[in-house]
Amino acid sequence: MLDYVDLEADLGEEERLIRDTARRFVDEQVRPDIGDHFLDGTFPTDLIPEMGELGFYGSNLDGYGLPNVSERAYGLLMQELEAGDSGVRSMASVQGALVMYPIHRFGTEGQKERWLPELATGAAVGCFGLTEPEHGSDPSSMATRATRDGDGYRLTGSKTWITNAPIADVAVVWARDRSDPDDPVRGFLVETERDGVRTPKIDEKLSLRASITGEISLSDAWVPAENVLDVTGMKGPLSCLTQARYGIAWGAVGAARDCFETAREYATEREQFGKPIGGFQLQQEKLAELATRVTTGQLLAHRLADLKERGELRPQQVSMAKRNNVRMAREGSRVAREILGGNGITADYPPMRHLANMETVYTYEGTHDIHSLILGEDLTGLSAFE
Ligand SMILES: Cc1cc2nc3c(=O)[nH]c(=O)nc-3n(C[C@H](O)[C@H](O)[C@H](O)COP(=O)(O)OP(=O)(O)OC[C@H]3O[C@@H](n4cnc5c(N)ncnc54)[C@H](O)[C@@H]3O)c2cc1C
C-alpha cells in the first residue's frame, strides 16, 4: 500500500489498529459488492449497523460511549473507507461529522442522550439538511423558515441533495427563525416520521451511485422547542462542514491511493508488445506522478491532523486540503482509468467508479471554486464571493 515517505512509522498503536480494522472491513465487506451497488444505484444498508459496531460513526467524539480516538485515527478511518467507495465514507461522514457533531457540540443533554448512542451504533441514521434547490453555494440565503407555534416551531421549506435523507430517522435542518426579529439561522432536530416531513429519493445520479441521496420537504412540520440546537447563525452549519471537510481531505487520498494501487498492479501484469505496460516509460511517468500526488495529499492530511489535535486548525486550512486532495483524486482517478485501457471503463475495476464519485466530492461540502474563494479571501483579505 502506497506510503512512500513512511508515514506509518509515526502512527500510534491505536491509529494502526483503527486503520487496519477499516482496511479489513473494506476488503471483506465493501470491495466484493460495491461495483454492483454502484451499477444498481444502491447503498449496502446491511453495513450500517456493522459500521456502528466497529465504531466508525463519530469516532473522534467523546462521552456517551463514543470512542474519542485521535484526529489522525479518524482521518485514517476516512481514508480507508473512501478507498472502498466515496459513498461508504459519505455515510460515516454525514452520520459523524454532520449529525453527531452538531448534537454533541450544540445539543442539550436530553438531545445527546436521545440520539448519540443510537447514531453511534447505527440503530438510527441521521442526515444534514442545508442545501436548497435555489441555494447551494450560498446557503446563508436559505429560504427554509421556522415560525414559533405554541411550545415549538413550524418548519416550511425544501432541502435537496441530502445524503441519507430517504433512510434517515432524524434530520438536522437549518432554517431561518422568522419569529426572531434578527431572522437568525437555527438548527432543528427533525424526526422524519413527523407530519409534514417527506424525504423522497433522487434517482438519476451518475455519480456517488452507491449512496442514498434525497430531498427533505417540510410543509408546516411541527417540532417541539426542545428539538432546537443551542447555536444561532451560520457558524452552526459551517462548523459542521469544517469537520466533514477534514474527513473528505483524508478520504479523497484513500480513493486516489486505491486508483494508484489498481493501476500499478494492472501495469505490471498487463502485457502489450511483448512486455508489461508498466515497463514503458510513458506509463511509468503516469505512475510516478500519481504516487507523488497521493503522497503530497497524505502529507497535507497528516499535518491537518496535528493542527486539529492541538486545537489550532483553521477552516481555511481545511479548505486548502479539501480543495487540493479532491482535485488530486479527481485527476488521478482519470489517469488510473487510462492506464487500465478498455477494462478501465468497467465496474470490475475501481478507477472509473472513483472518477465518477469524485464529481460529487469535488462539488459537495463547498465546491472547488468556493474553496478557491475561501483561500483567496484568506490570502488577500479581499472577499470575491459577490
Ligand atoms: C451526491 C450529493 C450529496 C450531497 N449531500 C448533501 C448533504 O448531505 N447535505 C447538504 O446540505 N447538501 C448536500 N449536497 C449539496 C452540495 O453541498 C451542493 O451541491 C453544493 O454546495 C453546490 O451547490 P449547488 O449544487 O446548488 O451548485 P451552485 O451553488 O449552483 O454552483 C454551481 C456552479 O457555480 C459555481 N459558483 C457558485 N457560486 C460562485 C461564486 N461566488 N463564484 C464563482 N463560482 C461560483 C460553483 O462552484 C459551481 O461550479 C450534496 C450534493 C451531492 C451532489
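This is a short talk about how two domains touch and how two helices pack in one protein chain.

Okay, quick one from me today. Keep in mind that what you're looking at is a predicted model. The chain splits up into three pieces: domain 1 runs 7-125, domain 2 covers 127-232, and domain 3 takes in 236-380.

Let's start with domains 1 and 2. Their C-alpha centres sit 23 Å apart, and where they touch, 24 residues of domain 1 are in contact with 22 residues of domain 2. So what supplies the domain 1 side? Helices H1 (13-40), H4 (86-106) and H5 (109-121) each put in at least two residues. H4 gives the largest share of that side, with nine residues. If you're wondering about the chemistry, the domain 1 side has 12 nonpolar residues, 11 polar ones and one charged residue.

Now over to a pair of helices, H8 and H10. H8 is residues 315-339, H10 is residues 368-380, and the two pack with their axes 9 Å apart at an angle of about 140°. Angles over 145 would count as roughly antiparallel, so this pair is oblique instead. As for handedness, the crossing of H8 past H10 is left-handed.

Which residues meet there? From H8 we've got Gln316, Ser319, Met320, Lys322, Arg323, Val326 and Arg327, and facing them from H10 are His368, His371, Ser372, Ile374, Leu375 and Asp378. Sorted by class, that contact has four nonpolar, five polar and four charged residues.

That's it from me.

Technical notes:
Residues are numbered from 1 along each chain as its sequence is written. This is a predicted model: local features need pLDDT of at least 70, side-chain atom pairs count only at pLDDT 80 or more; totals for chains, interfaces and linings use all residues. Domain bounds come from an automatic or database domain assignment. Two residues are in contact if their C-beta atoms, placed from the backbone, lie within 7 Å. Helices (H or I, at least four residues) and strands (E, at least two) are DSSP runs, numbered from the N terminus. Ala, Val, Leu, Ile, Met, Phe, Trp, Tyr, Cys and Pro count as nonpolar, Asp, Glu, Lys and Arg as charged, and the others, Gly among them, as polar. Axes are lines fitted to C-alpha atoms, for helices over the stretch in contact, and angles run from 0 to 180 degrees between N-to-C directions. Angles under 35 degrees count as roughly parallel, over 145 as roughly antiparallel, 65 to 115 as roughly perpendicular and the rest as oblique. A crossing is left-handed if the near helix is turned anticlockwise from the far one by less than a right angle, and right-handed if clockwise.
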